[in-house]
Amino acid sequence: ERLFAPFPRRFDREAMVKITTICCIGAGYVGGPTMAMIALKCPHIKVTVVDISQPRIDAWNSDELPIYEPGLDEVVKSCRGKNLFFSTDVAGAIRDSQMIFVSVNTPTKKTGLGSGKAADLTYWESAARTIAAESKDNKIIVEKSTVPVRTAEAIEKVLKRNCSDSNVQFDILSNPEFLAEGTAIADLTKPDRVLIGGKIENEAGQAAVDALAEVYANWVPKEQIITANLWSAELSKLAANAFLAQRISSINAMSALCEATGADVTQVAHSIGTDSRIGPKFLNASVGFGGSCFQKDILNLAYICECHGLKEVADYWYSVVGMNDYQKSRFVRRVVSAMFNTIRNKKIAMLGFAFKKDTGDTRETPAIDVGKGLIEDGAQLAIYDPQVKEDQIAYDMGEEDMKNITCYKTAKEALDGAHAVTVMTEWDEFKSYDWREIYDGMTKPAFVFDGRLILDHDKLREIGFIVYALGKPIDPFIKSAEGA
């Protein structure tokens, strides 16, 4: 049997449920934007986003949304109060909805079996129990969170065993998100593909798949809506993130070799990226990947491989995370060694804290590990990020490390008097700064450590900066400082 098929495969309008009410449990980075786009494109569907966090729901109902994403404000505000609603009434939304998206956090387990590798499905199971308790009629349940393979099987058991009405039917679908933070609205507007997994081998499962496909068909071309069996869809999300992270670790591995040999990683990336079999995307060398998904999903994938006795496969994927950790620690070592092997009590400015530009998300950002590494060597950090607030930085870095960190509202304050600047996020504004003025205000020799390769390094050197550009030929000054 074919595991993947374009929509529709066996499209039956009689069997298909016409969806007019949707709710989403979880008002985070995935649930909020996804539901806002559905509401925008499907004015005939009432969409309710629910969350147990009152402050989060209050923020979604305010002028200052809880997450920053270009274009999100306009989409939310055009639909909110019409067919898009944000509420803490989880039970009421479940009862009133035909289709329920579950977009709750599935972090890596911190304790117990699979600690540090397996996905923690506590929130997912809690959501399933609530759905079961409140459902009085048939529901289509959509996995939007990234979950391990065969999660739907376990969730189905929880739903059936906890629903008081044995006549209620639950059809579970997997509809993984493939959004990139910073471009989520564009990705939702024109997705490369929409993947829907369900029990397509039986009529009820196919009808549920068709019902969700018909929702997306309001704006997504039908040839870009792919249907699959449940397990293929669940695995596809983990595989997609693992492949993307693998490319980043691969080019980062090359960046270390480039520095050792005098090659230029940007030129190498361009050369291999022009090969149509490889392509140019995700070949930008950097201080490392971050975000909520890549590391978590790779560790989860590797753990699943271990559970199935595939140790060599698991080790392969673990090495992708290992290379990412190596790149961050290598960057810290380069900073310390270039600055005469001592950064104690030196002010080091950190430009950017978010894991990528155009988002305020700091989950697994390389800035955390780099910052902790620099502080461990005695540095005083001066952090500026245009979207990340001080309380978030404090949460990520911890109380002890914050004793060595000052957060600034402007880059000028962060850079004034600094011995060095590290570029940790590729915010466009950093490229437009008056770097001559910045140089004049810094302690000499003034260092720039560009972990995102976004600055004009030749111009910086002309001004007088000592420049370390990741993956580029090493500056003679840095070589001499390191004793090379």
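**Group meeting: a walk through the predicted model**

Let me start with one residue, E259, which has its place in helix 9, residues 230-261, where a helix is a DSSP run of H or I of at least four residues, a strand is a run of E of at least two, and both are numbered from the N terminus. Before going on, I should say that this is a predicted model, in which local features need pLDDT of at least 70 and side-chain atom pairs count only at pLDDT 80 or more, while totals for chains, interfaces and linings use all residues. Residues are numbered from 1 along each chain as its sequence is written, and side-chain values use heavy atoms, with hydrogens and water left out.

Is E259 buried or exposed? At 6% relative accessibility E259 counts as buried, the term meaning under 20% relative accessible area, with exposed meaning over 50% and partly exposed in between, for a 1.4 Å probe and protein chains only. Setting aside neighbours within four places in sequence, E259 is in contact with R330, R334, Y468, L470, G471, K472 and I474, contact being heavy atoms within 4.5 Å.

Now to the aromatic rings. Rings of Phe, Tyr and Trp (for Trp the six-membered ring) pair if their centres lie within 6.5 Å, and planes under 30 degrees apart count as stacked, over 60 as edge-to-face and the rest as tilted. By that rule the model has 17 aromatic pairs. One of them joins Y216 and W219, a tilted pair with 5.6 Å centre to centre and 55° between the planes; Y216 is buried at 5% relative accessible area, and W219 is buried at 15%. In another pair, F340 and F447 have ring centres 6.2 Å apart and planes at 75°, so this pair is edge-to-face. The pair links distant parts of the chain, since F340 lies in the loop between helix 12 (311-338) and strand 10 (347-351), whereas F447 lies in strand 14 (residues 447-450), 107 residues apart. F340 is partly exposed at 41% relative accessibility, while F447 is buried at 2%. Ring pairs also link F331, F340, F447, F449, Y468 and F477 into a cluster, and Y468 is one of the contacts of E259 that I listed earlier.

Two lysines also meet rings: the charged end of K46 sits over the ring of F85, 5.7 Å from its centre, and that of K444 sits over the ring of Y439, 4.7 Å from its centre. Here, sitting over a ring requires NZ of Lys or CZ of Arg within 6 Å of the ring centre and within 35 degrees of the ring normal.

How many disulfides are there? The count comes to zero, a disulfide being a pair of cysteine sulfur atoms within 2.5 Å. The sulfur of C163 is 15 Å from the closest cysteine sulfur, in C23, which is too far for a bond. C305 is in no disulfide either, as the nearest cysteine sulfur, that of C307, is 9.2 Å away. C163 is buried at 12% relative accessible area, and C305 is buried at 9%.

Finally, the whole protein, which contains 19 helices and 15 strands. Buried residues make up 55% of its 484 residues, and along its principal axes the C-alpha trace spans about 75 × 45 × 45 Å. Of the contacts with a separation of 6 or more, 76% are between residues 24 or more positions apart.
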